[in-house]
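Visitor: I'm new to this one, so could you show me around? Let's have a look at it together.

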Amino acid sequence: MGVALRMIRSFLLQTILCLLICAGSSFALASETVKSVHARGHLRCGVSEGIPGFSARDAAGRWSGLDVDLCRAVAAAVLGDPARVKFVPLKASARFPALKAGRVDLLARNTTWTMSREVLLAVQFPAVLFYDGQAFMVPAESSATPAAALQGPICVEKGTTHERNLMRFFAARGAKVEALVIDSAHHAADALFAGKCRAYTSDASQLAALRLQAPGGAGRYVILPERISKEPLGPVVHNDDPHWASLVRWVMYALIEAEERGITRATADKAVPLAIARGSSDARARADWDYSMRELGLRQDWAVQAIRAAGNYGEMFERNLGAGSPLRLERGLNRLWTQGGLMYAPPLN
């Protein structure tokens, strides 16, 4: 073998070795959360203390809701079993400290994506799960009162964006309002029901959920039509594991893509992989898909497992929030983009 050929071979071997070492160390560094979840045997998911439609427990202790379904879909994609989730109920004021302290792997708790939260708290919002807006709930006899004409005190939950939005809304109209800041959503709703405040302001979906618990029935309270903010709600993860953020993001997008393709919980087992059909002649695309899947630490059948666990996004919405649920919310902005909404999954392949 000539000197030049030996040098070339040596260079190629060193290059391949370097790439393998770098790839391996990168995976080890980037997948700490996945490895912890596997070692522990379950996903720890931070949820609300009880918001019907999003995360609430029934009398038997079983959790249900849109946020809960996402947690189960992630557990199914990573562990192959949607039941392998430990739900950790958190107050709004405790949710980010719990995430930062490593008490939860994933926060799925009606949390608004903002620049200040993402940058200052060093967290990542992988995607938007539900588009909402801040509204006001008032006694039915005040239903004709415009939001700008409300008199205080107005109840608002501690540790949310709602207090700042409330003050901005009235300041922009040259008015001031007294805010009664309360430690939890349930206590804020109870204060309204007890007549301690004239209105309660929060995400419209949360108000609809809490109104179901009103003494005398939900009809005694109304949600005013005005929306005073944009509230893109979604899951949150720590920003030190980009692969984990990507994994949560693509599990959620797979559920949206499934609805667009007509794949349901009932048909998931027979459905082709979401990005590339089995037997595709596009070997490069298939290789990219397989490599991406391995890099994230996902199971081979992760998409099928996620859809089978939660259903597609439309099924999740209908079951927890839509006409088939006690909340009976319109999908509105949460329709697919093909139906005039904002729900849109980037291409998976």
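Guide: Happy to! Keep in mind that this is a predicted model. Let's begin in helix 9 (residues 242-261), where R261 and E257 sit 4 residues apart, about one turn of the helix.

Visitor: How far apart, N to O, are the side chains of R261 and E257 in their salt bridge?

Guide: R261 is partly exposed, at 46% relative accessible area, whereas E257 is buried at 11%. A salt bridge needs the nitrogen within 4 Å of a carboxyl oxygen. Here the N to O distance is 2.8 Å.

Visitor: Which residue forms a salt bridge with K35?

Guide: K35 is partly exposed, with a relative accessible area of 38%. Its partner is 3 residues away in helix 2 (residues 32-40), so the two are separated by about one helical turn. The closest N and O atoms are 3.1 Å apart, and the partner is E32.

Visitor: Which residues are linked with R40 in a network of salt bridges?

Guide: One salt bridge joins R40 to D105, with the closest N and O atoms 2.8 Å apart. That pair links distant parts of the chain, 65 residues apart: R40 is in helix 2, and D105 is in the loop between helix 4 (92-100) and strand 5. The network with R40 is completed by R44 and D105.

Visitor: What is the nearest side chain of opposite charge to D132?

Guide: D132 is in strand 7 (residues 130-132), and its side chain makes a polar contact of 2.4 Å with the side chain of S205. D132 is buried yet has no salt bridge. The cut-off for a salt bridge is 4 Å, and the nearest opposite charge is 5.3 Å away, on R227.

Visitor: Is N110 buried or exposed?

Guide: N110 lies in the loop between strand 5 (106-107) and helix 5. Its phi is positive, near 40 degrees, in a residue other than glycine. Most residues other than glycine have a negative phi. Since its relative accessible area is 6%, and under 20% is the cut-off, N110 is buried.

Visitor: And is R328 buried or exposed?

Guide: R328 also has a positive phi, about 55 degrees, although it is not a glycine. You'll find R328 in the segment after helix 12 (313-320). With 64% relative accessibility, R328 is exposed.

Visitor: Which residues make the nonpolar surface patch of about 390 Å²?

Guide: One member, V119, is in helix 5 (residues 115-120). V119 is exposed, at 54% relative accessible area. The patch is made by M115, V119 and L120.

Methods: Residues are numbered from 1 along each chain as its sequence is written. This is a predicted model: local features need pLDDT of at least 70, side-chain atom pairs count only at pLDDT 80 or more; totals for chains, interfaces and linings use all residues. Side-chain values use heavy atoms; hydrogens and water are left out. Buried means under 20% relative accessible area, exposed over 50%, partly exposed in between (1.4 Å probe, protein chains only). Lys and Arg count as positive and Asp and Glu as negative; His and the chain ends are not counted. A polar contact is a pair of N or O atoms within 3.5 Å; within protein, one must be able to donate a hydrogen and the other to accept it, and residues adjacent in sequence count only if both atoms are side-chain atoms. Patches are made of residues with over 30% relative accessible area and no salt bridge: like charges are joined within 9 Å, nonpolar side chains (Val, Leu, Ile, Met, Phe, Trp, Tyr) within 5 Å. Accessible areas come from the Shrake-Rupley method with a 1.4 Å probe; for residues, only the protein chains shown count as cover.
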